[in-house]
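Me: I'm new to reading protein models and would love some help with this one. Could we go through it together, one question at a time?

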Amino acid sequence: MKTKTLDLQIVLITGMSGSGKSVVLRALEDAGFFCVDNLPPELLQPFVALEKAHKASRVAIAMDVRTATSLPLLPEQLSALRKQGVMIRSLFLDASTETLVRRYSETRRKHPLSQSDADHSVQDLRRALVDAIELERVLLADLREQAHVIDTSIMRPSQLQSYVKSLISTPGEQMTLVFESFAFKRGVPGDADYVFDVRMLPNPHYEPELRNLTGQDEPVAAFLNQQPDVAQMLGHIEEFLNRWLDALARDHRSYVTVAIGCTGGQHRSVYLVEELAKLFGNKWVTLKRHRELETI
């Protein structure tokens, strides 16, 4: 009788410099993962073999543009490890260029790809930083395409830590649906796979007794539940997702993020995310995010 080997779960963290990879590593370390930062891609397979020999079960590895010359090796190595039965979850942390520039300005750190000289003007330094960020996007484009993207542009470190812990707690062998509400006035989430605009629906904001409530509150839910357009929108989104989710799962997608946006991200989008999570929770692993409510 064969002894069942201990499954090794790897979380691979890649993404833009300044997007929060160190925050995610700390969160995973708190969750019991053995964490390694800036592992060169050519050492990935020997490192995994070593961890298997040590009977490790959960490992988190961060790789980024600091090892840019060997990053092209990574997709092939990940494919080989998956064929060996290693479960790998790839997370790509991203943020808007404006956000990254601000973070670098606040910390006065130098971008890994920056070739700027301290003697240059402020305008030249900013231009050099933007150029380095855009070059980094090009170098990491393939990894981003193969990973679950997390837009950290307006996330606090504590929110990012909580979100990553919730992602990792879901069963790795099943596709996870992430329903996210947001406000268009603060920008479309950069990590969304599908975006639905519901700003044309009746707005509880104009009902004085509902204005300070949210789509999670019963009076708002009751108001929206009585609106035929809201029911029709919910039905259309449900029909679309039912048509395509199985195909996405067959394509080996680990996560699919469905973003629902309204003007303020407080009433309509929140209500629809709550309803969609109920509708799909019986068949799929589901998570809910309310971007604007988390920042209150």
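**Proline 171 and its surroundings**

Reply: Happy to! Not counting residues up to four places away in sequence, proline 171 touches Arg89 and Val285. Please keep in mind that this is a predicted model.

Me: Where is proline 171 placed?
Reply: Look at the stretch that joins two elements, H7 and S6. Proline 171 sits in the loop between H7 and S6.

Me: Is proline 171 buried, partly exposed or exposed?
Reply: Buried means under 20% relative accessible area and exposed means over 50%. Proline 171 has 30% relative accessibility, so the residue counts as partly exposed.

Me: What separation is there between the C-alpha atoms of proline 171 and serine 254?
Reply: Along the chain, these two residues are 83 residues apart. In space, their C-alpha atoms are separated by 9.7 Å.

Me: Is glutamate 180 buried or exposed?
Reply: Glutamate 180 lies in strand S6, which covers residues 176-183. The cut-off for buried is under 20% relative accessible area. With 1% relative accessibility, glutamate 180 therefore counts as buried.

Me: Which residue's side chain makes a polar contact with the side chain of glutamate 180?
Reply: Leaving aside neighbours within four places in sequence, the contacts of glutamate 180 include Pro189, Asp191, Thr257, Arg289 and Arg291. A polar contact of 3.3 Å links the glutamate 180 side chain to that of arginine 289.

Me: Which elements do the buried residues of H1 pack against?
Reply: Helix H1 runs over residues 21-30, and its buried residues are Lys21, Val23, Val24, Leu25, Ala27 and Leu28. In an α-helix there are 3.6 residues a turn, so residues three or four places apart point the same way. The packing partners of the buried H1 residues are strands S1, S2, S3 and S4, and helix H7.

Me: Which glycine just after H1 takes a positive phi?
Reply: Move just past the end of H1 and check the backbone there. The phi angle is about 100 degrees, and the residue is glycine 32.

Me: Which residues of the largest nonpolar core touch the most other members?
Reply: This core holds 31 residues. Elements that each supply at least two of them include S1, S3, H3 and S4. The residues touching the most other members are Leu44, Ile61 and Leu74.

Me: What does leucine 74 touch, not counting residues up to four places away in sequence?
Reply: We set aside residues up to four places away and look at what remains. For leucine 74, that gives Leu12, Pro41, Leu44, Met63 and Leu143.

Me: Which element gives the largest share of the lining of the largest pocket?
Reply: The largest pocket contains about 780 Å³ of space. Among its 29 lining residues, Gln146, His252, Arg253, Ser254 and Tyr255 are the closest to its centre. Helix H3, S4, helix H6 and strand S5 each give two or more residues. The largest share, four residues, comes from S4.

Me: How many charged residues are in the lining of the largest pocket?
Reply: Sorting the lining by class gives eleven nonpolar and nine polar residues. The number of charged residues is nine.

Me: How many charged residues line the largest cavity?
Reply: The largest cavity holds about 40 Å³ of space. Its lining is made up of Leu12, Thr14, Leu78, Ser90, Leu143, Gln146 and Ala147. Four of these are nonpolar and three are polar, and the number of charged residues is zero: there are no charged residues.

How values were computed. Residues are numbered from 1 along each chain as its sequence is written. This is a predicted model: local features need pLDDT of at least 70, side-chain atom pairs count only at pLDDT 80 or more; totals for chains, interfaces and linings use all residues. Side-chain values use heavy atoms; hydrogens and water are left out. Buried means under 20% relative accessible area, exposed over 50%, partly exposed in between (1.4 Å probe, protein chains only). Contact means heavy atoms within 4.5 Å. On a 1 Å grid over the protein atoms alone, a cavity is a set of points where a 1.4 Å probe fits but cannot get out, and a pocket is an open set with protein on both sides within 12 Å along at least five of seven lines; lining residues have an atom within 4 Å of a point. Grid points are joined across faces, edges and corners, and a volume is the space filled by probe spheres set on the points. Ala, Val, Leu, Ile, Met, Phe, Trp, Tyr, Cys and Pro count as nonpolar, Asp, Glu, Lys and Arg as charged, and the others, Gly among them, as polar. A polar contact is a pair of N or O atoms within 3.5 Å; within protein, one must be able to donate a hydrogen and the other to accept it, and residues adjacent in sequence count only if both atoms are side-chain atoms. A nonpolar core is a set of buried Ala, Val, Leu, Ile, Met, Phe, Trp, Tyr and Cys residues joined through side-chain atoms within 4.5 Å.
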